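Visitor: Could you take me on a close look at the place where the ligand sits? I am in my first year, so please explain the terms as you go.

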Amino acid sequence: MKADEVRREVEAWLDAHWSPDRTLLEWRNILVDGGWAAPHWPTDWYGKGFDPVQMAIVRAAFAKKGAVGAAQSGPSGLAAETILTHGSGDQKQRYLRSILTGENAWCQLFSEPGSGSDLAGSSTKAESIDGQWIVSGQKVWNTSAHHADYGILLARSNFDLPKHQGLSYYLINMRQPGVEVRPLKQMNGHASFNEVFMTNAVVAAEDLIGGEGNGWAVAATTLSFERRGFSSTKDSSSLQGPRVGQIYDEFDTEMKIANEPYTWYPQRQGRVDLVIPRAKATGAIKDPAVRQEIAKLISMHKASALASAAAESRRKSGTNEVIPAGSIGKLAASVIARQASHVHTMISGADAMRSGTQSAESGMIAETLISTPAISIAGGTDEIQRNIISERVLGMPKEMRADTGPFRGIKRNE
Ligand SMILES: Cc1cc2nc3c(=O)[nH]c(=O)nc-3n(C[C@H](O)[C@H](O)[C@H](O)COP(=O)(O)OP(=O)(O)OC[C@H]3O[C@@H](n4cnc5c(N)ncnc54)[C@H](O)[C@@H]3O)c2cc1C
């Protein structure tokens, strides 16, 4: 469908259906039925198969109308994309709609105290007993687990196979007695993460996804979506118009809860948007050394945005390139965030260390400096992205491995 046709169709549909006086749930169901909740999804599953250009037109039409979109955000988006790729018809039927309507929120249960980068070393145990899976073990750094109804879970169903082969992937109900969620506090004062303890937690047989022993392949799908930025949240500020009607109150409440773990995410990306205004306001813009570093930052930032848009559109057009665009984009985001912190430090000097309302940008610069390290860790560290690029793109020799053979016999960090 051409750009003009997309614009006409979405605008006509919004004119006919949008009303801020509906409840959020009523509206979301209409949205899902009309195929406008996730138009980039396949036509069989609530979507229209739209590409990024068509999606941009849809988003602009929703913003112009002030219309609320689907509730796909954070780890729920990762769950949805994974279920779309690997789920059975029954799993898609049971889970996708409630992700779009916002009735259910998800979290990602991958990392463990002894296996983060070495994700395939997961030792959470899943045993098939009497037609269901019984899960015991500990996960950590689980963003939004304290709000989640369900989790996407990587666990070991066979300890006698080599480590990548003994893993399975499950959809687990978080609201059960065998699952305990304990919040963690970060150095920037926010509390986005949790530890999740599972003790004989139950997963129904039909909630194994991708087949027993295929967990690693399914997890790779989730991680590739995560590295392409699918775990980011939605911004409601782009909605135009008067925002009057009951739906906006419900939507604002939903956004407040869903975005609470992510309020510092713009800071972890380096707040590139603040650099030039602050350089002008402080007079640092007159310093040629600062200007040089700003120019470096802005060019990296623009080049990275263009490269990821190009990669996304190549992916949508079905090119089978061996370029792990997610890894390259993620690494670029880390480099940009670090450079932005460096420039903020040059501009603000010692003031960059102060928090509170009297400090630089009401503490935003200080929060940026202590939040940017997270972007080099979340979703796979910089070193891991470099390993992926060196092995899969540059064809360099693989790392030496001491972890072959049955998982039970491998020495691990306990
Ligand atoms: C903001 C944020 C959000 C997160 N959200 C979630 C979530 O929702 N769910 C979830 O499951 N996890 C989540 N995580 C956890 C994240 O995936 C892990 O922290 C990450 O994979 C690194 O694992 P680790 O912390 O165990 O570090 P380790 O794996 O112990 O790494 C320690 C250091 O060793 C380096 N290293 C390790 N292996 C190698 C190697 N082979 N070659 C070179 N260097 C290596 C690493 O690069 C790192 O510098 C989140 C983390 C952050 C920061």
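Guide: Let us walk around the ligand and its neighbours. This is a predicted model, in which local features need pLDDT of at least 70 and side-chain atom pairs count only at pLDDT 80 or more, while totals for chains, interfaces and linings use all residues. Residues are numbered from 1 along each chain as its sequence is written, and side-chain values use heavy atoms, with hydrogens and water left out.

Around the ligand are 22 residues, each with a heavy atom within 4 Å of it. Those that come nearest are Ser111, Ser117, Trp141, Thr381 and Glu383. Domain 2 (104–227) and domain 3 (264–379) both contribute to this shell, so the ligand lies between them; the domain bounds come from an automatic or database assignment.

Now for the polar contacts (pairs of N or O atoms within 3.5 Å). A polar side-chain atom of Glu383 is 2.6 Å from a ligand oxygen atom. The backbone takes part too: an N or O atom of Phe110 lies 3.0 Å from an oxygen atom of the ligand, and one of Trp141 lies 3.1 Å from a nitrogen atom of the ligand. On its own the ligand exposes 980 Å², and the protein buries 69% of that (accessible areas by the Shrake-Rupley method with a 1.4 Å probe).

Helix H8 (265–268) and helix H13 (382–392) each give two or more residues to the shell, and H13 has the largest share, 3 residues. Helices here are DSSP runs of H or I with at least four residues, numbered from the N terminus.

Definitions and conventions:
Polar contact = N/O pair within 3.5 Å; in protein donor to acceptor, adjacent residues only side chain to side chain.
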